[in-house]
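Biologist: I would like to go through this model with you and ask how each label was earned. Could you take me through the reasoning?

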Amino acid sequence: MIKRKSLAKSGLRDMKDEEYKMVIVSRKDLELSPGKLAVQVAHAAVECSLLVKRKKPKWFKAWKEQGAKKVVVKAQNLEELYRLKEEAENLGMVAVIISDAGLTEIPPGTETVLGIGPAPSSLVDKVTGSLPLL
């Protein structure tokens, strides 16, 4: 369980009480086993976390102190992943597409998921708010 600090004590109240989250977008057109999908989502979560911690440390701190919310949704295909990535980056968010090593179920280099954020939920929702949950 992640321990949450009071936002008032952490000095993050000045961030307009904004909520933060990370969204991982999976591809519906790939038939991945549940275990393979879980690993791809984990890769995206780690990569996005590390990048945001370096590039936007205030966003990372707020997200972590709020419990590190993560949501997994689904897109139709790779083309949609690239469109969503571009939209997220245009709004100033970290967005990373994960490529598989190809050691188990799918060919090497297959792009499996897109990680976005962590970022303010209001920004993330502009990109992924209409996508269905996995």
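Modeller: Gladly; what follows is a set of questions and answers on a predicted model.

Biologist: Let us start with the rings. How many aromatic pairs does a search of the whole structure find?

Modeller: The search finds 2 aromatic pairs. One of them joins Tyr-20 and Trp-59, with 6.5 Å centre to centre and 55° between the planes.

Biologist: Why is the pair of Tyr-20 and Trp-59 called tilted?

Modeller: Stacked needs planes under 30 degrees apart and edge-to-face needs over 60. The planes of Tyr-20 and Trp-59 are at 55°, which fits neither, so the pair is tilted.

Biologist: What makes this a link between distant parts of the chain?

Modeller: Tyr-20 lies in strand S1 and Trp-59 in helix H3, 39 residues apart. Both rings belong to buried residues, because the cut-off is under 20% relative accessible area: Tyr-20 has 5% and Trp-59 has 15%.

Biologist: And the pair of Phe-60 and Trp-63, what is its geometry?

Modeller: Phe-60 and Trp-63 are also tilted, at 5.8 Å centre to centre and 55° between the planes. They are 3 residues apart in helix H3, so about one helical turn separates them. Phe-60 is buried at 13%, and Trp-63 is buried at 5%.

Biologist: How do you know that the charged end of Lys-56 sits over the ring of Trp-59?

Modeller: The distance criterion is within 6 Å of the ring centre, and the direction must be within 35 degrees of the ring normal. The charged end of Lys-56 is 4.4 Å from the centre of the Trp-59 ring, and it is counted as sitting over that ring.

Biologist: Now helix H4. How do you know that its length agrees with what a helix should span?

Modeller: H4 has 13 residues, which at 1.5 Å a residue should span 18 Å. Its end C-alpha atoms are 18 Å apart, so the two values agree.

Biologist: Which residues of H4 are buried, and why are they said to line one face?

Modeller: The buried residues of H4 are Glu-80, Leu-81, Leu-84, Lys-85 and Ala-88. Seen down the helix axis they fall within an arc of 140°, so they line one face. The face turned away from that buried side carries the exposed residues Glu-79 and Asn-90. The cover over the buried residues of H4 includes S1, S2, S3, S4 and H5.

Biologist: What makes up the largest nonpolar core?

Modeller: That core has 40 residues, and those with the most contacts inside it are Val-25, Trp-59, Leu-84, Met-93, Leu-114 and Ile-116. The largest share of this core, 7 residues, comes from H2. As for Val-25, its contacts farther along the sequence include Leu-81, Leu-84, Thr-112 and Leu-131.

Biologist: Why is Thr-112 called buried?

Modeller: Thr-112, in strand S4, has a relative accessible area of 1%. The cut-off is under 20%, so Thr-112 counts as buried. Among the residues it touches are Val-25, Gln-40, Leu-81 and Ile-98. Thr-112 and Leu-81 are 31 residues apart along the chain, with their C-alpha atoms separated by 9.1 Å.

Biologist: One last case: is Ser-121 buried or exposed?

Modeller: Ser-121 has 8% relative accessibility, so it counts as buried. Ser-121 is in helix H5 and touches Glu-18, Glu-19, Tyr-20 and Lys-21, leaving aside residues up to four places away in sequence.

Conventions. Residues are numbered from 1 along each chain as its sequence is written. This is a predicted model: local features need pLDDT of at least 70, side-chain atom pairs count only at pLDDT 80 or more; totals for chains, interfaces and linings use all residues. Side-chain values use heavy atoms; hydrogens and water are left out. Helices (H or I, at least four residues) and strands (E, at least two) are DSSP runs, numbered from the N terminus. Buried means under 20% relative accessible area, exposed over 50%, partly exposed in between (1.4 Å probe, protein chains only). Contact means heavy atoms within 4.5 Å. A nonpolar core is a set of buried Ala, Val, Leu, Ile, Met, Phe, Trp, Tyr and Cys residues joined through side-chain atoms within 4.5 Å. Rings of Phe, Tyr and Trp (its six-membered ring) pair if their centres lie within 6.5 Å; planes under 30 degrees apart count as stacked, over 60 as edge-to-face and the rest as tilted. The expected span of a helix is 1.5 Å times one less than its number of residues. The arc is that of the directions from the helix axis to the C-beta atoms.
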